[in-house]
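The following exercises concern the arrangement of strands and helices in a protein model. Each task is followed by a worked solution.

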Amino acid sequence: ELWRVFVHFKVFVTFPEESNMSEVVLLLCSSTAITVRTFIGQILALVPCVGRQFHEYKLYLQPTGKGEARIELVQDRTLRSYKFGEVENTLTFRVHTSHALCSGSDIADSSGRIFLVIKAPKLNISKTLKFEPSASIADVIQGFVRKVNIQNPRNRVFRLYVEGSSEPLHPLMKLKATSIGMMESLVLMEEAVATMPQRKGLKLSLPQIMKGGSHTGDKPTGDFSSSLELFGASLSSLKMAPDKRTGLLVPEFLLRLEQGLRESQAFMSPDIFVADCEDARELERLVKHLSPFGETDLPPPMFFLESRTGPEDSRFGVPTGITVLRQWLFHLPNRLLQSLSLPQLEYVCQNDAENCEEIFSYLPNQVNATFTWLLNFLVQVGSYSHINQMTSRNLASMISPCLHGSSQRSEGKGGFSLELESAEGNSEVRQTAVAIARLIDFRLYGKNP
């Protein structure tokens, strides 16, 4: 019954004289079951300029009779713990200390956190949440989704906009690197994920990473930098390490790459699996950092919106990590699913989702372990499809040409280039894409998604 008790308030918002700001009057109707802190959040949502320029304020109940003192409302108490009239109650919301909040490290309040008003118009929900300045836009989206207990939608993506702006905020952008201020209103929109077209290749820029010479045969030869010997190396030539999730031995550089992408929140980036890195020096720098053939004392690489080049730097652009993975998969002497025939792939695609796992029984042990790692990696990326747009179908279309099919060689100035055969032109690659999508869906959503 207490939740059904609502009280009307007239709130006078007053500012210090030095601020030269006029008094604001609000008329509110609120449940007495909420706390004073939540009620203050409602006031701040209606007067955003308060949160952006001030960080200390108090709420008082004005006396109804002569000689009565005003009462300061304690933020941890509920409204029903105070005596209010049935018609209208007068409150004073007094701002005490001014605090300019502009950008960078100055956007946080005295507790070091930023309060943001997140609105979801289609869901008719608005929440005031607090975040560390180091939090990313993806953290804000995830925080709101968890707070209101929204189920991550399939084939839908959440985008966050500054209210009044038509440009979405990039998920990897940090709050402290934006101009977002205290109590800024952000709008969460749910939109359909576009199906990414089959690209005729991931164009592998071999002429850029090779140092001259014409080449014959399936595997490029020539004067490669030692760091780029990874591309074309067999599984048995790489340093192996156990995957903690499965206990299976996989190339250690894959585990280091995965750890760096996960800790950098790169799985939430819309750039992942979309943009390619065409800078040969950047690729070489990352391969050297990953040390695929031996021991290394270097920490896992970190990934950002833009790479920070430098001989001692461990920061890279997000597309660089995925380009290294796809280049390596493509240049394997025997691609991971090359041993699977078209009938075997069709069997996986035509049976129940649970039977998709039967694909592993057809693979050699070392290939089995590496493909298991790759599938778990894709599932991690796909679990953030509501942020990065990487649905199972989009992921499959991006990775399947690296797992099956043949390469197309085109001669050009300075050497030759290889393009991945698109799934549209190769039935094995097309069936591989369907199988990969079903495997990801099964692991994300359960039986027969």
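**Exercise 1: The sheet**

In this predicted model, four strands make up an open sheet of mixed pairing, ordered E7-E6-E9-E8. Determine which strands stand at the edges, and describe what packs on the sheet.

Solution.
Step 1. Strand E7 (125–131) and strand E8 (156–162) each have a single partner strand, so they stand at the edges and one side of each is left without a neighbour in the sheet.
Step 2. From one strand to the next, the twist averages 30°.
Step 3. Strand E6 (residues 114–120) runs antiparallel to E7, and seven bridges join the two. Within this pair, Ile-114 is found opposite Phe-131 of E7.
Step 4. Helix H3 (residues 137–147) packs on the sheet and touches E6, E7, E8 and strand E9 (184–192). The direction of H3 makes about 125° with that of E7.

**Exercise 2: Helices packed with H12**

Classify the crossing of helix H11 (residues 392–399) with helix H12 (residues 427–445), and then that of helix H9 (residues 365–382) with H12.

Solution.
Step 1. The axes of H11 and H12 come within 8 Å and cross at roughly 140°. H11 is therefore oblique to H12, since the angle is not over 145 degrees, the cut-off for roughly antiparallel. The crossing of these two helices is right-handed.
Step 2. On the H11 side the contact involves Ser-392, Arg-393, Leu-395, Ala-396 and Ile-399, which meet Ala-433, Ile-436, Ala-437, Ile-440 and Asp-441 of H12. By class, the residues of this contact are seven nonpolar, one polar and two charged.
Step 3. For H9 and H12, the axes come within 10 Å, with a crossing of roughly 65°. H9 is therefore roughly perpendicular to H12. The crossing of H9 and H12 is right-handed.
Step 4. Phe-371, Leu-375, Asn-376, Leu-378, Val-379 and Gly-382 of H9 meet Ile-436, Leu-439, Ile-440, Arg-443 and Leu-444 of H12. This contact of H9 with H12 has eight nonpolar, two polar and one charged residues.

**Exercise 3: Confidence**

Identify the element with the lowest mean pLDDT and the stretches in which pLDDT is below 50.

Solution.
Step 1. The protein averages a pLDDT of 78, and 76% of its residues score at least 70.
Step 2. Strand E16 (residues 415–420) has the lowest mean pLDDT among the elements, 38, whereas strand E12 (residues 249–251) has the highest, 95.
Step 3. Residues 199–225 have a pLDDT below 50, yet this stretch has 54 contacts in the model beyond near neighbours in sequence. Over residues 407–425 pLDDT also stays under 50, and the model has 55 contacts beyond four places in sequence for them.
Step 4. Where pLDDT is low, the predicted coordinates should not be read in detail.

Methods:
Residues numbered from 1 in each chain as written. Predicted model: local features only at pLDDT ≥ 70, side-chain atom pairs only at ≥ 80, totals over all residues. Heavy atoms only, no water. pLDDT = per-residue confidence, 0-100. Contact = heavy atoms within 4.5 Å. Pairing = 2+ DSSP bridges. Axes fitted to C-alpha atoms, helices over the stretch in contact; angles between N-to-C directions. Parallel < 35°, antiparallel > 145°, perpendicular 65-115°, else oblique. Left-handed = near helix turned anticlockwise from the far one by under 90°. Nonpolar A, V, L, I, M, F, W, Y, C, P; charged D, E, K, R; others polar.
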